[in-house]
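Subject: The structure to look at

Hi,

Here is the structure I said I'd pass on. Have a scroll through it first, then read my notes underneath.

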Amino acid sequence: MKSFQKQTACASIGLKLSNVEAGEALFTLPFNSNFTQQHGFMHAGIITTALDTACGYAAFSLMPEDAAVLSIEFKTNLLRPAIGERFLILGKVIKPGRNINFCEATATAIDAHGAETKVATMSASIMAVYDRAISD
């Protein structure tokens, strides 16, 4: 998606778009010690950024061509310390709407042996916006 290439915040943390289908978006995020908190876990703000992005792109996948999206509310639940070699971030639209989509996302840590552990969830409301140019 063209707009994801403009997301410099996502690029700076290493978030990569893997797949987008109608109502669903999948991202990967590598572990990066530059984005850890004092105990060596990925910082909650980094995980929240990835979850928010996944919700936004899941909602965006259902929007008309002339729409963009903005988060208007979200809640993050941090279930376990975010430790792993990489993270899968999956966003899904739970209830689509004309102007507001209700979405959920999960962050799953994957360790060196391929074991998966859910580390965070998000519920979010994503609003359709119009007449907003993507900045250059």
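Below is what I found, going from the whole chain down to single residues.

First, keep in mind that this is a predicted model. The protein contains two helices and six strands, and if you walk along from the N terminus the order is α-β-β-α-β-β-β-β. The radius of gyration is 15 Å, close to the 14 Å that the globule rule gives for 136 residues, so the protein is as compact as a globular protein of that length. If you want a feel for its dimensions, the C-alpha trace spans about 45 × 30 × 25 Å along its principal axes.

Next, some totals. Of the 136 residues, 36% are buried. The accessible surface comes to about 7700 Å², and carbon and sulfur atoms account for 51% of that. On the charge side, there are 11 positive and 12 negative side chains, and the centres of those two sets sit 3 Å apart. Now look at contacts between residues with a separation of 6 or more: 61% of them involve residues 24 or more positions apart.

Then there's the inside. Which residues have the most contacts inside the largest nonpolar core? That core has 30 residues, and the ones to look for are Leu15, Phe27, Leu29, Ile47, Leu51, Phe87 and Ile89. The elements giving two or more residues to this core are α1 (8-13), β2 (24-30), α2 (44-60), β4 (86-95), β5 (100-110) and β6 (116-130). Helix α2 gives the most, with nine residues.

Two of those core residues are good places to zoom in. Not counting residues up to four places away in sequence, Leu15 touches Phe4, Cys10, Phe27, Thr28, Leu29, Ala50, Thr53 and Ile89. Ile89 lies in strand β4. Is Ile89 buried or exposed? Its relative accessible area is 0%, which is under the 20% cut-off, so Ile89 counts as buried. Leaving aside neighbours within four places in sequence, Ile89 is in contact with Leu15, Ala25, Leu26, Phe27, Ala50, Leu51, Ala54, Thr106 and Ala107. You can also check the distance from Ile89 to Ile47: they are 42 residues apart in sequence and 8.7 Å apart in space, C-alpha to C-alpha.

For a contrast, try Leu17, which is found in strand β1 (residues 16-21). Leu17 has 26% relative accessibility, and partly exposed means between 20% and 50%, so that is the label Leu17 gets. Its C-alpha is 10 Å from that of Ala50, with their positions 33 residues apart in sequence.

Gln5 is in the segment before α1. With a relative accessible area of 69%, Gln5 is exposed. Gln5 and Ala44 are 39 residues apart in sequence, and their C-alpha atoms are 23 Å apart in space.

Last one: Thr121, in strand β6. Which residues is Thr121 in contact with, leaving aside neighbours within four places in sequence? They are Leu51, Lys75, Thr76, Asn77, Leu79, Ala105 and Thr106. Glu85 is 36 residues from Thr121 along the chain, and their C-alpha atoms are separated by 19 Å.

If you only have a minute, start with Ile89, since it is buried, and then jump to Gln5, which is exposed.

Cheers

How values were computed: Residues are numbered from 1 along each chain as its sequence is written. This is a predicted model: local features need pLDDT of at least 70, side-chain atom pairs count only at pLDDT 80 or more; totals for chains, interfaces and linings use all residues. Side-chain values use heavy atoms; hydrogens and water are left out. Helices (H or I, at least four residues) and strands (E, at least two) are DSSP runs, numbered from the N terminus. The radius of gyration is taken over C-alpha atoms; the globule rule is 2.2 Å times the number of residues to the power 0.38. Buried means under 20% relative accessible area, exposed over 50%, partly exposed in between (1.4 Å probe, protein chains only). Contact means heavy atoms within 4.5 Å. Accessible areas come from the Shrake-Rupley method with a 1.4 Å probe; for residues, only the protein chains shown count as cover. Lys and Arg count as positive and Asp and Glu as negative; His and the chain ends are not counted. The place of a charge is taken as NZ of Lys, CZ of Arg, CG of Asp or CD of Glu. A nonpolar core is a set of buried Ala, Val, Leu, Ile, Met, Phe, Trp, Tyr and Cys residues joined through side-chain atoms within 4.5 Å.
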